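Let's take a walk through this structure together. Have the sequence and the 3D view at hand, and we will go from one residue outwards.

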Amino acid sequence: MHSNHLLLEEPIRMASILEPSKPSFFPAMTKIVGTLGPRSRSVDVISGCLNAGMSVARFDFSWGDSEFHQETLENLKNAVKTTKKLCAVMLDTVGAEMQVVNKSENAISLQQDDDVILTPNEGQEATSKVLPINFAGLAKAVKTGDTIFVGQYLFTGSETTSVWLEVDKVDGVDVVCKIKNSATLAGALFTLHASQIHIDLPTLTDSDKENISSWGVRNKIDFLSLSYTRHAEDVREAREFLSKLGDLSQTQIFAKIENVEGLNHFDEILQEADGIILSRGNLGIDLPPEKVFLFQKAALYKCNMAGKPAVVTRVVDSMTDNLRPTRAEATDVANAVLDGSDAILLGAETLRGLYPVETISIVGKICAEAEKVFNQDLYFKKTVKYVGEPMTHLESIASSAVRAAIKVKASVIICFTSSGRAARLIAKYRPTMPVISVVIPRLKTNQLKWSFSGAFEARQSLIVRGLFPMLADPRHPAESTSATNESVLKVALDHGKTSGVIKSHDRVVVCQKVGDASVVKIIELED
């Protein structure tokens, strides 16, 4: 994977660009989160998605009820068994989302320069003159001249199903708007986004809490995607809520930054959250277009330095209806990788798109090509400088393991871990080779029964760039005698050989705990 590493700063033979890429067991180091929905919920399609490179399945509760999602999840479990590919589960909350209530689901035609009234009276029928919405406080939040965007749920921007409105006046609880472009609203679910305006709705709604405490608990979700995170307090409240739900105390919270409010409190949110999702769809409405790239680069840098996974959304919207991305989209995916993204999240493209499997496959290929020109040397120096001295014990071991692996041109780094922290720290330095994290289960008890931890930790590394988990036999503790470690190492090496990542005469860097000491060793494989 790392042997054909190029640097864009050095001259590249143009003809070499056309040389086909060698197939690899791991399609890319960058992970892919796929949203499962109407077009991607059969066992066959999900199996195709897993084989194409999806490692996290996102269940979006803005769309469909818990029974619908449960059926999809059962199909995912079957697909995981047949493909033997691990997959984590992410529950995406609805949050402070304003929606147009169109009970009849009839198409609504809106004409430029006409007026339309947004009303909190949900019983009213949606027409080209009146749009009922699910939020009573809009009239208090907006003023004349404000911009409101209405689009099909997970709008891609290329549809003629989205409309820009300008607030003309507030009339009691109603908001009268001028239509800025002609459009036809078709479909069941439309979302409303008021640009740069505080919406007084809770981040974790009652229905979100219900979904988490029933569906989330039942399915032991690995990740909670917290929609419309605006303050660090939102994350703390969600964490407090999860802590009372048994196994979900281990669920990681990914704060979804969707508006200027979240952007303004980004640093505090990053400190509290386990990871960040840059929701570029809504951010693209809140921010002027020329500022979007700047936020992306700044946010990804902050996440990288904090060693927390960063996920970028809305990259190949046009693949919702087309078999190939546009040139701009293909470049956008590559730039997300070069900017330091851990994962790419696909929304409409897999939820309702015509080509879910092909989309995952193409995004994976673009990520793999971009990784070849990622300037690891510069990134490593930046990270070490940012961490500063004196380094913590673990940080020093992690950076040394990566440095050693690059110097000896190791084909893989193997890390023994029980919490997953050591492996994530190694991945933070973005080694050019895959990191196999061997998660050693820990025995724990609640005084009534014994259980093993480890499955959560293994699945949660499926969203981290370059990290590939493997669950070890629980009879081998992480801090153990060299004999048991050798037997786990043999299993990990065999796993690497069968997957084609490790070949004879390759060098492998191993990071493990022996007694109280952490050890980095280099081993050379024989025939």
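Our starting point is Lys-31, which is buried, with a relative accessible area of 4%. Here, buried means under 20% relative accessible area, exposed means over 50%, and partly exposed lies in between, using a 1.4 Å probe and protein chains only. Before going on, please note that this is a predicted model, in which local features need pLDDT of at least 70 and side-chain atom pairs count only at pLDDT 80 or more, while totals for chains, interfaces and linings use all residues. Residues are numbered from 1 along each chain as its sequence is written, and side-chain values use heavy atoms, with hydrogens and water left out.

Lys-31 sits in strand 1 (residues 31-35). Helices (H or I, at least four residues) and strands (E, at least two) are DSSP runs numbered from the N terminus. What touches Lys-31? Setting aside neighbours within four places in sequence, its contacts include Ser-55, Asp-342, Ser-461 and Phe-468, where contact means heavy atoms within 4.5 Å. Ser-461 is 430 residues away along the chain, yet its C-alpha atom and that of Lys-31 are separated by 9.8 Å.

Now turn to some other strands. Strand 22 (residues 467-471) has 4 of its 5 residues buried, so it is largely enclosed by the rest of the structure. It runs parallel to strand 19 (residues 435-439), to which 5 bridges join it; two strands pair if DSSP finds at least two bridges between them. In this pairing, Val-439 stands opposite Leu-471.

Strand 15 (residues 275-278) is covered on both faces, with Gly-275 and Ile-277 buried on one side and Ile-276 and Leu-278 on the other. It is joined in parallel to strand 14 (residues 252-257) by 4 bridges, and Ala-255 of strand 14 stands opposite Ile-276. Strand 15 is also joined in parallel to strand 16 (residues 310-313), by 3 bridges, with Ile-277 opposite Val-311.

Ile-276 also belongs to the largest nonpolar core, which has 62 residues; it is among those with the most contacts inside that core, as are Leu-76 and Ile-212. A nonpolar core is a set of buried Ala, Val, Leu, Ile, Met, Phe, Trp, Tyr and Cys residues joined through side-chain atoms within 4.5 Å. Helix 13 (residues 356-372) gives the most to this core, with 5 residues. A second, separate core of 35 residues includes Phe-223 and Ala-410.

Ile-212 leads us to helix 5 (residues 206-218), which bends by about 30° at that residue. The bend is the angle between axes fitted to the seven residues ending there and the seven starting there. Along with Ile-212, the buried residues of helix 5 include Asp-208 and Trp-215. Among the elements they pack against are strand 2 (54-60) and helix 6 (232-243). Just after the helix, Lys-220 takes a positive phi of about 45°.

Let's finish at helix 14, where Gln-376, Tyr-379, Phe-380 and Thr-383 are buried. Seen down the axis of helix 14, these buried residues fall within an arc of 100°, so they line one face; the arc is that of the directions from the helix axis to the C-beta atoms. The face turned away from them carries the exposed residues Lys-381 and Lys-385. Helix 10 (289-306) is one of the elements covering the buried residues of helix 14.
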